[in-house]
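Please open the structure in the viewer and keep the sequence at hand. The tour proceeds by selection, stop by stop.

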Amino acid sequence: MTTFDLNAGATAPLADEADLTDLAVDGTLPPGLDGVLVRNGPNPLRGRFEGNDVLSWWPQPAMLHAIDFRDGRASGYRNRWARTRIWAREYAPQAVAALPDTNPNVNVLRHAGEILALAEGGAPLAMTPALEFLGASRRHPGLAGGMTAHPKVDPETGELMSFRAHWEPPWLRYGVTDADGRQRVDQRIEVPGPSMMHDMAITARYSILLDLNVAYDFSMLSRGYRMPLRWHDERPSRLGVIARHGGPVRWFEVAPCFILHVVNAYEADASTLVLDVVRYPEYLRLARHGTGFEDNPLGVLWRYEIDLDAGRVAGRALDDAGIELPRINEGRTGRAYRYGYAVEQPNNREMRGVVRYDLESGARQHYRVPPGDQNSEPVFVPRPGGRAEDDGWVLACVYRQASDTSDVVVLDARDLAAGPLATVRLPRRIPAGFHGAWLPREAGGG
Ligand SMILES: [Fe+2]
């Protein structure tokens, strides 16, 4: 298995919290860019990883980074560890009992008037755009025990669709929370065993759950693995289609695979669901020698078409290039859409470059990042008042190896290849992490 030095370069964690103002900017920031870019990820409390595989990286304490844009300026940067029990045991022992026992290090989402830091299966943590932590979410009581880091918000109804995949029974729950934060659906879903489910999809009328070939194997714990998940050849991969507000699940078997992230899904007609994902033909296969994993093949953009009438699924690659961390204009979530953005993965060691897919014409655009540097997920920011799907900007954090600092690039979403409209130059790095969100100022202050 490829080993990383997680304590060097783009993944090297931070050992402190900082507040910076009036950041240096090259180029011209669009005045309409008014809000906060928040990025989440794992960062060990003392600023040093103990091991060097991905499972030493994923479960570490949440650290959030916020870059504030206003009046054509990059007015501030701040980073904070999430205020949880894990954090308090190290930095504020007297506060341990008062803080939530969760580690929301994966994603950030605004819903029903709350901004939530989201965990892989743990409880969401409420926060402000200025990274003040408000404790456990009070608006999602039914999900308090834990939920996916990738719930989906319907852009028209404001409903939030979510699931909880757990290693203890019940292994899978599906839920819907309305636009006011009240849980409307909480349904137990029968599956043969607990599997790794990271993301889900919605259409206007359905939700799609992913029960794939990566599942739990608790015998791994006694063999030195810290997370008991691996590829299982004998499992079927299945896509589960459930009516939005609950009911029986229709499972559709597909070729063995793993899907970490959904791009989007929609209803092409009354009986056809389109589901676009980043698909791996194999993922977390145990190494033939030693106690690691084989290198994962790269994930590629893949389209499933689910024929509800015929009970069939067809799948095909839309591209052969390695990508991850796909994003769209979230105003199109669950609806027909044309554009997707993703990090390029030239190999297993690098997340370097941003690609834009035009799924109608097949055209691709690239924002190139030089070897040695790496970048995070491209977050699409709609232009205020804009109507076209690609009218806006793409924001990404780019780690610069030579200076050990990070830039935040602002790209024209219609012309990635032209290079940044503006580059915010931070005097320190934002380590590689998971997901982020754009929090427009008008919707929540800060
Ligand atoms: Fe994710």
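In which loop does Asp404 lie? Select Asp404: this residue is placed in the loop between β30 (392-400) and β31 (405-412). The model on display is predicted. Asp404 has a phi near 55 degrees, a positive value in a residue other than glycine. With a relative accessible area of 32%, Asp404 is partly exposed.

**A second positive phi**

Select Asp71 next, in the loop between β4 (62-70) and β5. Its phi is likewise positive in a residue other than glycine, near 55 degrees. Is Asp71 buried or exposed? A relative accessible area of 62% makes Asp71 exposed.

**Strand β5**

From that loop, proceed into strand β5 (residues 73-81) and select Asn79. Asn79 counts as buried, at 0% relative accessibility. Two polar contacts of the Asn79 side chain can be displayed here. One of its polar atoms lies 2.9 Å from the backbone oxygen of Asp16, and a polar contact of 3.3 Å links the side chain of Asn79 to that of Arg428. Show the surrounding residues as well: leaving aside neighbours within four places in sequence, the contacts of Asn79 include Leu14, Glu17, Ala18, Met63, Leu64, His65 and Leu131.

**The iron site**

Select the iron ion. Which atoms coordinate the iron ion? The donors are the NE2 atoms of His150, His198, His261 and His435, at 2.0 to 2.1 Å. Angles subtended by the four donor atoms run from 91 to 164 degrees, which makes the arrangement irregular. For comparison, four tetrahedral donors have ideal angles of 109.5 degrees.

Colour the donors along the chain to follow their spacing, H-x47-H-x62-H-x173-H. His150 belongs to the loop between β9 (133-136) and β10 (152-153), and His198 to the loop between β13 and β14; the pair therefore ties together parts that are 48 residues apart in sequence. Both His150 and His198 are buried.

The UniProt record, an unreviewed entry, carries the annotation "binding site" for His150, His198, His261 and His435. These residues span 286 residues in sequence, yet no two of their C-alpha atoms are more than 12.6 Å apart, so they gather at one spot.

**Two of the iron ligands**

Centre the view on His198, in the loop between β13 (183-188) and β14 (201-202). Its relative accessible area is 8%. A polar contact of 2.7 Å joins the side chain of His198 to that of Glu120. Not counting residues up to four places away in sequence, His198 also touches Val106, Thr148, Phe163 and Leu260, among others, as well as His150, His261 and His435.

Now move to His261, in strand β20 (residues 258-269). How accessible is His261, buried or exposed? His261 counts as buried, at 4% relative accessibility. The side chains of His261 and His150 are joined by a polar contact of 3.3 Å. Beyond neighbours within four places in sequence, the contacts of His261 include Asp199, Val277, Val278, Glu324, Leu325 and Pro326.

**The nonpolar cores**

Select Ile208, Leu275 and Tyr304. Of the 60 residues in the largest nonpolar core, these three touch the most other members. Strand β20 supplies the largest share of this core, seven residues. Tyr304 merits a separate display: not counting residues up to four places away in sequence, the residues it touches include Leu239, Val254, Cys257, Ile259, Leu273, Val274, Leu275 and Val277, and also Arg279 and Gly315. Apart from the largest core lies another, of 29 residues, among them Leu14, Val381, Trp393 and Leu426.

**Two loop stops**

Select Pro169 and Pro170 together. The peptide bond from Pro169 to Pro170 is cis, with omega near -5 degrees. Pro170 is situated in the loop between β11 (160-165) and β12 (172-177).

The tour ends at Gly331, in the loop between β24 (323-327) and β25 (339-344). Gly331 counts as partly exposed, at 43% relative accessibility. How far apart in space are Gly331 and Ser137? Their C-alpha atoms are 24 Å apart, while 194 residues separate the two in sequence.

Methods
Residues are numbered from 1 along each chain as its sequence is written. This is a predicted model: local features need pLDDT of at least 70, side-chain atom pairs count only at pLDDT 80 or more; totals for chains, interfaces and linings use all residues. Side-chain values use heavy atoms; hydrogens and water are left out. UniProt positions are given in the numbering used here, feature names are shortened, and annotations may be inferred rather than shown by experiment. Helices (H or I, at least four residues) and strands (E, at least two) are DSSP runs, numbered from the N terminus. Buried means under 20% relative accessible area, exposed over 50%, partly exposed in between (1.4 Å probe, protein chains only). Contact means heavy atoms within 4.5 Å. A polar contact is a pair of N or O atoms within 3.5 Å; within protein, one must be able to donate a hydrogen and the other to accept it, and residues adjacent in sequence count only if both atoms are side-chain atoms. Donors are N, O and S atoms within 2.8 Å of the metal (3.2 Å for Na, K and Ca); water is not among the atoms, so sites may look incomplete. Four donors count as tetrahedral if all angles lie between 85 and 135 degrees; four count as square planar and six as octahedral if opposite donors are over 155 degrees apart and all others between 65 and 115; anything else is irregular. A nonpolar core is a set of buried Ala, Val, Leu, Ile, Met, Phe, Trp, Tyr and Cys residues joined through side-chain atoms within 4.5 Å.
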